[in-house]
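User: Please take a close look at one part of this structure and explain it in connected prose. I am in my first year, so a careful, step-by-step account would be welcome.

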Amino acid sequence: MHRTPELRGRACVVGSGSIPMPDESEDQPSGARPRSRLRWGILLAILLLGIAARVALPYLLRPQLESQLSALIDGRVSIAVLRLSLLQGVVGLERIDVFSAADETGEPVVALGDLELDLSWGDLFSKRVRIETLRLANPTVNVRRLVSGDVNLSRLVVASEEDDGASGEPSEWTVGLDEVVLESGALHFVDDAVAASEPIALEIDNIDIERAEVVGHVYSAPMHFTLVATVSGAPFEISGDLTQSDGGKAEVAITMDRLPLHLAQPYLDLGWTAVEGALSLDLVYELEGESVSRVRGTVRVDGAKISVEGLDRAALALTVATDLKSIDLIGRKAEVGALRIESGSVVLRPQSPSPLPLIVRGAAPAESETALEAVEATGEPADAWEWSMADLQIESFEVFAEGENTAIPFALGVTAKGMTSAKSGRFPIDVRVSDGDAVLQVSGQAGFNPISADTEITWSAVDIPRWLAIAPVDGAEALVAARSEGKLTFSTSSADGTVIGGSLQVSAVEARDPGEDFSVKLPRFVVDLERVSVAESTGVEALIKRVSIEEPRLILTLEQAGLVLPGVGGAGDPGDPGAAPAVAEDSEQEASSLSVRIGEVSVAGGELTFHDRTVVPPATIALQDLVVQATSVEMAGPTVQKFRVGVGERGGGKLTVEGTYKDSKGKVAIDMDSWTLAPFNPYAVTYTGAEVARGGLTLDTKIDIDGSAINSANKLVLSQFAVSPQGDGDFFRDQLGLPLNLALELLRDEKGDISLDLPFRSGAVDSKLAMAELLAKTLKTVLMSSLKAPLKLLGAVTIQGGKIAGFGVAPIGFGVATAEPDLAALAGLGETLKTKTGLRIAVEGVVTKEDEAALRERIAGKKLASDHPEVAAYLDARRAGVDATLEPAAAEILRQAASSVTIPRDDVAALADERADTVRRVLREKHGVDASRLALTRSVGRVASGAPRVEVEIGAGGF
C-alpha cells in the first residue's frame with residue numbers, strides 16, 4: 001500500500017486547494033534537504049507536464065483526427081472541439097460536420113452534433129475495447145437522391161484498393177458498447193429523381209442501445225435497443241432485443257401512428273393523381289438465424305383515398321384494419337386473424353376498356369424482379385404461399401358502377417370465416433349487394449384450392465334496365481322496363497363440374513327502339529332449372545324443367561340488312577349489308593358440346609306484329625292468340641316429344657301445328673282455316689307481279705319426316721280469291737303459259753274455290769334452297785295438271801317446255817246454211833262455263849263457202865220450183881237431212897241457176913250473227929250462264945272456209 005509521506009510546514013495554495021510543505025526549521029539529517037527538494041521538483045515537473053499535456057493534447061489531436069477521418073471519405077470532416085479526460089476515459093467531440101466534395105451547397109451532409117465516449121481502461125488489458133457509454137446529441141443527416149439516381153451519401157465513399165490477397169489472422173480484440181444514447185436527432189430525405197416528391201423528415205427523440213457487440217463476443221445478454229421518433233409528424237417507435245451470436249436472434253417491436261400515405265405517391269408508378277390517408281402499424285418482428293423470420297401485429301389504414309384523372313370521386317376509398325397472427329417469411333405462410341374493411345368505396349366502369357379506373361391503363365408496375373430471378377436460379381417458380389384468414393368483414397362499402405349517362409351506387413357487404421389456401425379447405429361466406437329495394441344475396445361454402453363454391457344465390461326486385469345502362473351490351477337502352485327475382489344454387493364440387501339449379505323470373509318487360517321497329521311487352525317469363533352442368537369433358541348440359549311465357553306482345557321489322565334489333569339495326573354489318581357473319585372454324589365442335597333438354601315449354605296468349613320492308617309495298621302481318629305447348633324438347637338431336645302451336649289472325653283465320661319429332665323421325669299436322677291473304681299482297685306484287693285483292697287460305701297438311709326425307713300430303717283451298725296482274729309482267733304466263741286470271745278461273749270450282757291436292761316427296765335434300773326449289777317444281781307440276789283437264793274439255797292443249805304453249809276452244813258446229821247448232825258440243829261448253837263461274841266467252845258466227853253454195857242453191861231452187869219440181873223436192877230433202885239424189889240433167893240445171901245467184905253480204909252477216917245468238921241463247925236458257933259472261937262479236941259478212949260453225953274465245957275478267 002502506498003504510504004503518504006508526513007507533510008509538515010506551510011500550505012501552498014494551488015488553485016483552490018493547498019499542499020502542506022516541509023518545515024525547514026526542524027532538524028534534519030545532513031544531505032536530506034537537497035534530496036527532498038529534488039524529489040518534489042520531479043513530482044512537480046511531472047504534474048506540470050501532465051497538466052500541459054492535458055491542455056495541449058486536444059489541440060494537437062483534433063487536426064490529426066480531422067485529417068485521418070477526411071482521408072477515409074471523398075470529402076471533409078470538421079470537428080469544432082475535442083475534449084479528453086484520460087483518467088476518467090472520456091473522449092468528447094463537439095459539432096462534427098461531414099462535407100461532400102461533390103456537394104456545392106457548402107452545407108454539411110452529416111452534422112453529428114456532440115459525441116461523447118466513456119471508455120473502460122481496465123478492459124484494455126484483456127484486449128477488449130469496451131465503451132461504457134456513447135452519447136450523441138442533436139445529430140442531423142441530410143440524405144438526397146440526385147436526378148441521376150445516386151445518393152449523396154454514396155459519394156462520400158472512397159473506392160478501396162484491390163486486396164493483395166494476403167490473409168491476416170483474425171483479431172484477438174473485441175469491441176463492445178455498454179450503452180448508446182442518441183438524443184434529438186433528425187434525418188432529412190429529399191428525392192430529386194422523382195417528380196413531385198415531398199421531403200421526408202425523420203425527427204428522432206432518442207435512441208437507446210444497450211450491450212452492442214461490435215467485434216467479437218462481448219456480452220452474454222442480448223442487445224436491447226429503443227428508437228423513439230416522428231416521421232413527417234407521425235409518431236414512430238421501434239424497440240427490441242438482439243442476440244449477436246449463434247446466427248443471430250432478434251425480437252423487434254415497431255409502432256407507427258398515422259403515417260401520411262401521400263408520401264408514397266411519387267414512388268407508385270400507377271397513374272394515380274392523388275393519394276390520401278394514414279398508415280398505422282403495431283408489429284413485432286422475430287428473427288432467429290435462417291430458420292425463423294416472422295411478423296405479427298396489426299396494420300390499419302384510415303381514410304385512404306386514391307384519385308385518378310377524369311374521375312370526380314375517389315377511385316378507391318378505404319378504411320381497413322387487419323390483425324396479423326403470423327407472417328412466416330421463410331416458410332411462406334401467412335395467418336391473418338381478422339381483416340375488416342370498415343368503410344370505403346370503389347368506382348367501376350363496365351363499359352370502359354379499363355373497367356376498374358383504379359388500375360390506370362398502361363401504368364401497371366413492372367414484373368417482380370425477385371420472382372423472375374427465383375425462376376431463373378431454380379428453374380421453377382417460387383413456392384406458393386400458404387395462408388389463412390380467420391375472419392373477413394366488409395362493411396359500409398359502396399360500389400359506384402358508372403355508365404355513359406348514369407351511375408349506380410350499391411352497397412356491398414361480405415362476411416367470411418376461416419378462409420384458407422389449404423387444399424380442399426372450405427369456409428362459409430356470405431355476400432350481400434343492395435340497391436334500394438333490390439337485394440342480391442350469396443350464401444354458402446367456398447374454397448380457393450381448388451376454386452370451388454357451394455352457394456345459394458337469391459335476388460329480388462332487380463331493375464334490369466337500371467343495370468344494363470352501365471353494362472357493355474349493345475341495344476341495352478331499348479329495354480324500358482323489366483324486373484327480376486329468383487333463386488339459384490351454384491356448386492363446383494360435383495364430379496360433373498359446375499352445376500346450377502333453381503328458378504328465375506323476369507316480369508313487366510317492356511322494350512322498344514325509338515322508331516317502334518322493335519317492341520316487346522312481356523308480363524311474365526319464368527325458367528325453372530333442374531340442372532345445368534358445365535364440364536370441360538362434356539361441355540354444357542342443361543336440363544330445364546319449364547319455360548313459361550305469358551301473353552307476349554312483339555313487334556318485329558325486317559329490312560334489307562336483316563332483322564331490326566336494338567343496337568344492331570340488321571343481321572348484317574351496316575357497312576357491308578351483304579357480308580355474311582363470320583363462322584369460327586371450330587363452330588361445329590363447339591355446337592356439339594351444348595346439350596339442352598326442356599321438360600315443358602308454354603306460351604299462353606300473345607301477339608306478334610311483323611313488318612317486312614324488303615317487299616314493295618311493305619307488308620304487315622298481325623298474329624294473335626299465340627299458344628305454344630311442347631314437352632320433352634331437346635336441342636341436341638333435336639327432339640320434341642309432343643308439341644302444339646296455335647295462332648290466329650285478325651281476319652278470323654286460325655293456324656294449328658302439332659305433332660312429334662324424335663330421332664330424326666316425326667309426324668306433323670298443319671291445319672290452317674280461312675287465313676286472310678290480303679296482308680300477303682306485297683309478297684304477291686313483289687315476286688309474281690300480281691295483286692291480291694281478297695281471299696282466304698285453308699290448308700290441311702300431313703307431314704311424315706324420316707331423316708332428311710319429307711313426305712307430305714297437302715290439301716290447299718283458296719276461297720273468294722281475287723288477284724290481278726300489275727304492270728306489263730305476268731308471272732303465271734311466264735311460268736305456266738296462261739294469263740293469271742284465266743289460269744285461276746280454270747282452277748276454280750262451281751263455288752269459286754280453288755282446290756289443289758299437293759303431294760310432296762323430297763327424298764334426301766341437302767339444303768334449304770334445294771328444298772324450296774323442289775317445292776316450287778312440285779307446285780308447278782300440280783298446277784299444270786289441274787289446268788290441262790279443263791282445257792282439254794274445251795278444246796286442244798299444246799304443252800311445250802314445261803308450260804302451255806297453246807290451246808283453243810273447239811268451235812260449235814252448225815247445219816249448212818242453218819242456225820241449228822251441234823247441241824252436244826254446246827252442252828260441253830255450257831257445263832264448263834257453269835262450273836268455272838269466272839270464265840267469260842266471246843262468240844262469233846262464221847258463214848263458210850259451204851253455207852254460201854247451199855244458199856245459192858236454195859234461192860235458185862225457189863226460182864226453178866214451178867218448172868222443175870224435182871229440184872225443189874231434192875232441196876227440201878237435204879234441208880231435212882235426208883239423203884237424196886238428183887238426175888244429172890236436173891243437177892246441171894240447178895248448178896247453172898245457182899251460179900248466177902249473188903248472196904248479199906248482209907245476208908251472210910245475218911246468218912253468222914243468228915248462229916252466235918243461238919249459242920248465247922242456249923247457254924243462257926239451258927245452262928244458266930249469265931248473259932254478262934257471253935259477249936258477241938258481230939260478223940262483217942265474210943265467208944270462210946271449213947265447216948259451218950260458231951267460234952268461241954275464252955277469257956277471264958274481260959278481253
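Analyst: In this predicted model, the side chain of Gln-441 forms a polar contact with the side chain of Arg-432, at 3.1 Å. Gln-441 belongs to strand 20, which covers residues 438–448. Its relative accessible area is 17%, and because buried means under 20%, Gln-441 counts as buried. Arg-432 is also found in a wider list of contacts: with neighbours within four places in sequence left aside, Gln-441 touches Asp-430, Val-431, Arg-432, Glu-456, Ile-457 and Thr-458.

From this polar contact one may turn to the salt bridges, of which the model has 31. One of them joins the side chains of Asp-517 and Arg-613, with 2.6 Å from N to O. This pair connects distant parts of the chain, the two residues being 96 residues apart. Asp-517 sits in the loop between strand 23 (497–512) and strand 24 (519–535), whereas Arg-613 sits in the loop between strand 29 (607–612) and strand 30 (619–634). The two partners fall into separate classes of accessibility: Asp-517 is buried, at 14%, while Arg-613 is partly exposed, at 37%.

Another salt bridge is formed by the side chains of Asp-851 and Arg-915, at 2.7 Å from N to O. Asp-851 is part of helix 10 (residues 849–864) and Arg-915 is part of helix 13 (residues 905–927), so this pair ties together parts that lie 64 residues apart in sequence. Asp-851 is buried, with a relative accessible area of 0%, and Arg-915 is likewise buried, at 0%.

Helix 13 also holds a salt bridge within itself. The side chains of Glu-925 and Arg-921 meet at 3.9 Å, N to O. That distance counts because the rule for a salt bridge asks for the side-chain nitrogen to be within 4 Å of the carboxyl oxygen. Both residues lie in helix 13 and are four residues apart, which is about one turn of the helix. Here Glu-925 is exposed, with a relative accessible area of 57%, and Arg-921 is partly exposed, at 37%. Salt bridges may also share partners: in this way Arg-258, Arg-300, Asp-302 and Glu-342 are joined into one network.

Terms used. Residues are numbered from 1 along each chain as its sequence is written. This is a predicted model: local features need pLDDT of at least 70, side-chain atom pairs count only at pLDDT 80 or more; totals for chains, interfaces and linings use all residues. Side-chain values use heavy atoms; hydrogens and water are left out. Buried means under 20% relative accessible area, exposed over 50%, partly exposed in between (1.4 Å probe, protein chains only). A polar contact is a pair of N or O atoms within 3.5 Å; within protein, one must be able to donate a hydrogen and the other to accept it, and residues adjacent in sequence count only if both atoms are side-chain atoms. Contact means heavy atoms within 4.5 Å.
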